[in-house]
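Let's take a friendly walk through this protein together. Have the sequence and the 3D view open as you read.

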Amino acid sequence: MRCCLILLLIVIESAQGSNMITFVNNCSGQVQVVRQSSGANAGPTAVQQAVLAPGQTSTADFSHADNVFTNGFDGRTKAHIYTNVMAIELYRISVATGFDTPMQLESDQIGAPVLTCGSAGCGKTLDPFIPSHRR
């Protein structure tokens, strides 16, 4: 795979809880990471999270929200990441609305699979990772 937007999901154990996501642009061109989120106290919003040149990374905390990340505001490949105070509850890659950017999701949680979608043929939705405490 010659191009991939990699999202590294890192759970930081602390009193406040923290779910860090690192975005890595492994593509040959610029990537605009757009986050669409919804939480208990707010409706859905879309904001530019980062603009990454090839090889560049960006890290942020995404606790207490359900987030969808795309490349650009009209991005079709979607990384869905559902979090709560102390954990990443579920993550998946969806191409149900089309495919435009290869993506890979990795987690630091023991036993968590790496999800990779490199083409439109990766299926409508890659199997989500659901931690054992949620099954």
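What follows goes from the whole chain to a few individual residues.

This is a predicted model, in which local features need pLDDT of at least 70 and side-chain atom pairs count only at pLDDT 80 or more, while totals for chains, interfaces and linings use all residues. Residues are numbered from 1 along each chain as its sequence is written, and side-chain values use heavy atoms, with hydrogens and water left out.

**The chain as a whole**

The protein chain has 0 helices and 10 strands (helices are DSSP runs of H or I with at least four residues, strands are runs of E with at least two, numbered from the N terminus). Along the sequence the pattern therefore reads β-β-β-β-β-β-β-β-β-β. Of its 135 residues, 47% count as buried (buried means under 20% relative accessible area, exposed over 50%, and partly exposed in between, with a 1.4 Å probe and protein chains only). The accessible surface comes to about 6800 Å², and carbon and sulfur atoms hold 50% of that (areas come from the Shrake-Rupley method with a 1.4 Å probe; for residues, only the protein chains shown count as cover). Among contacts between residues at least 6 apart in sequence, 50% join residues at least 24 apart (contact means heavy atoms within 4.5 Å).

**The core**

The largest nonpolar core has 23 residues, and Phe23, Val33, Phe69 and Tyr91 touch the most other members (such a core is a set of buried Ala, Val, Leu, Ile, Met, Phe, Trp, Tyr and Cys residues joined through side-chain atoms within 4.5 Å). Strands that each supply at least two residues to this core include S2 (18–25), S3 (31–39) and S7 (78–83). S8 gives the most, with 3 residues.

**S9, S10 and the disulfide**

Strand S9 (residues 103–107) is largely enclosed by the rest of the structure, because 4 of its 5 residues are buried. S9 pairs with strand S10 (residues 115–117) in the antiparallel sense over 3 bridges (two strands pair if DSSP finds at least two bridges between them). Across this pairing, Met103 stands opposite Cys117 in S10.

Which residue is the disulfide partner of Cys117? It is Cys122, and the two sulfur atoms are 1.9 Å apart (a disulfide is a pair of cysteine sulfur atoms within 2.5 Å). The structure holds 1 disulfide. The torsion about the S-S bond of Cys117 and Cys122 is about -60 degrees, so the disulfide is left-handed. Both Cys117 and Cys122 are buried.

**Three residues to look up**

| Residue | Location | Relative accessibility |
|---|---|---|
| Gln48 | strand S4 (residues 42–52) | 45%, partly exposed |
| Asn67 | strand S6 (residues 66–71) | 1%, buried |
| Ala96 | loop between S8 and S9 | 49%, partly exposed |

Leaving aside neighbours within four places in sequence, Gln48 is in contact with Gln32, Val33, Val34 and Phe73. The side chains of Gln48 and Gln32 also make a polar contact at 2.6 Å (a pair of N or O atoms within 3.5 Å; within protein, one must be able to donate a hydrogen and the other to accept it, and residues adjacent in sequence count only if both atoms are side-chain atoms).

With residues up to four places away in sequence not counted, Asn67 touches Arg35, Gln36, Ser37, Phe62, Ala79, His80, Ile81 and Thr83.

For Ala96, the C-alpha atom is 9.4 Å from that of Ala120, 24 residues apart along the chain.
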